[in-house]
Amino acid sequence: MEERRCGMSKKPTHFNFPIQLLENFLIDSDKVLEDILRYALYEHSGDLQFGDETEKFLASAKYFGVTLYEPEITLACAEEIYETIPKKSPRSGIVIKTYWQYRNEYKDEFEKLCLLGFLALKSIMGEKPYCKITNYFWLARMDGKTHAVKDYSELSVPLQKYAKRYHIDKIKLELQLGWGLVVTDFKTRGWYASFKLDIKKLSDEVLSNQQEAKIKFLKAQKAAAKKEAIQKREKIDKDLQQKISFDTS
């Protein structure tokens, strides 16, 4: 498939796609990006009412500012991709401007890792203002997996070499410097991330929720202790009643 950008005034801002399409991005980023575009066009065309499949697909391409030179072939490929991925898969979205930068300009491997890291975080957080994340889950999503891995050996070979603290922290830092990520760490299993809150608001939210969690845990402990005490008291009373009945018989 060949395509180029057209005029994009009043056009959508993102290509949305299931996270599985990120698989093998470090091996063949051009193919992955091409598949993301195909998926986005096909999904959008399915919501259109007029025309046959090819006409609706071309209308979606026009909507996204893309010219298709072999629309029938591209449509067939897009349909195959769309049908092989479960409909309720976790999703992410790439800004169209960023998409074309990565499609048309040279990007080194670290820049590709940063894009993967960003898209993975977007898929995890969704519309939530912030989220607690583990590196196992983050890197799994960067690898196009829907669930967290238990060990970095489960990642693809190209990504495994970056599953070290130095590389992870470097990617995380770059996302904070240039991609709008806000991160805070409260010495828990995982770290808190946001694209919507500043560091103060994120810290306040995390501390507040931790306090609420502690209070909830304390209440649960008290309720369990009370229940246990009642059960013990009932057993004692039952044993005593049985003894009295035996003594008076």
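**Figure 1. F15 and F64, two buried rings in a predicted model.** Both phenylalanines, F15 and F64, are buried, and this is a predicted model throughout. For F64 the relative accessible area comes to 6%. The two rings form a tilted aromatic pair, with 5.2 Å from centre to centre and 40° between the planes. F15 sits in strand β2 (residues 14–18) and F64 in the loop between α2 (53–63) and β3 (66–68), so this pair ties together parts of the chain that are 49 residues apart in sequence.

**Figure 2. Y63 joins in, and a ring cluster appears.** What kind of pair do Y63 and F64 make? Their planes stand at 80° with the ring centres 5.2 Å apart, so this one is edge-to-face. Y63 is partly exposed, at 35% relative accessibility, whereas F64 is buried. Step back a little and ring pairs link F15, Y63, F64, Y99 and W100 into a cluster. In total, the structure holds 11 aromatic pairs.

**Figure 3. F15 and the largest nonpolar core.** Setting aside residues up to four places away in sequence, F15 touches I36, L37, A40, F64, S92, G93, I94, I96, Y99 and W100. Two of its cluster partners, Y99 and W100, are in that list. The largest nonpolar core counts 58 residues, and F15 is among those with the most contacts inside it, together with I36, I94, W138 and M142. Which helix gives the most to this core? That would be helix α5 (residues 109–125), with 10 residues. Apart from this core lies another one, made of six residues, including Y130, Y192, L197 and V206.

**Figure 4. L115, a buried leucine on helix α5.** L115 lies in helix α5 and counts as buried, at 2% relative accessibility. Leaving out residues up to four places away in sequence, L115 touches F25, I94, T98, Y102 and W179. One of those partners, W179, is 64 residues away along the chain, yet the C-alpha atoms of L115 and W179 are separated by 9.1 Å. Contacts of this long-range kind can be put in a chain-wide setting: among contacts with a separation of 6 or more, residues 24 or more positions apart account for 61%.

**Figure 5. D35 and I81 around L21.** Is D35 buried or exposed? D35 is buried, with a relative accessible area of 9%, and belongs to helix α1 (residues 29–45). Neighbours within four places in sequence aside, D35 is in contact with L21 and I81. I81 comes from helix α3 (residues 71–84) and is buried too, at 13% relative accessibility. Counted the same way, the contacts of I81 are L21, D35, R38 and Y39. From I81 to L21 it is 60 residues in sequence, and 9.0 Å in space from C-alpha to C-alpha.

**Figure 6. The largest cavity and its lining.** The structure holds two cavities of 30 Å³ or more, and the largest has a volume of about 60 Å³. Which residues line the largest cavity? The run L22, E23, N24, F25, L26 and I27 contributes, and so do L116, M142, D143, S156, P158 and L159. M142 also turns up among the residues with the most contacts inside the largest nonpolar core.

**Figure 7. N24, a residue with a positive phi.** N24, one of the residues lining the largest cavity, is placed in the loop between β2 and α1. Its phi is near 70°, a positive value in a residue other than glycine. Most residues other than glycine have a negative phi. With a relative accessible area of 39%, N24 is partly exposed.

**Figure 8. Two lysines over aromatic rings.** K170 lies over the face of F110, 4.7 Å from the ring centre. A second example pairs K172 with W191: the charged end of K172 sits over the ring of W191, 4.1 Å from its centre.

**Figure 9. The whole chain, for orientation.** How many helices and strands are there in the chain? The chain has nine helices and seven strands. Of its 249 residues, 39% count as buried.

Key:
Residues are numbered from 1 along each chain as its sequence is written. This is a predicted model: local features need pLDDT of at least 70, side-chain atom pairs count only at pLDDT 80 or more; totals for chains, interfaces and linings use all residues. Side-chain values use heavy atoms; hydrogens and water are left out. Rings of Phe, Tyr and Trp (its six-membered ring) pair if their centres lie within 6.5 Å; planes under 30 degrees apart count as stacked, over 60 as edge-to-face and the rest as tilted. Helices (H or I, at least four residues) and strands (E, at least two) are DSSP runs, numbered from the N terminus. Buried means under 20% relative accessible area, exposed over 50%, partly exposed in between (1.4 Å probe, protein chains only). A charge sits over a ring if NZ of Lys or CZ of Arg is within 6 Å of the ring centre and within 35 degrees of the ring normal. A nonpolar core is a set of buried Ala, Val, Leu, Ile, Met, Phe, Trp, Tyr and Cys residues joined through side-chain atoms within 4.5 Å. Contact means heavy atoms within 4.5 Å. On a 1 Å grid over the protein atoms alone, a cavity is a set of points where a 1.4 Å probe fits but cannot get out, and a pocket is an open set with protein on both sides within 12 Å along at least five of seven lines; lining residues have an atom within 4 Å of a point. Grid points are joined across faces, edges and corners, and a volume is the space filled by probe spheres set on the points.
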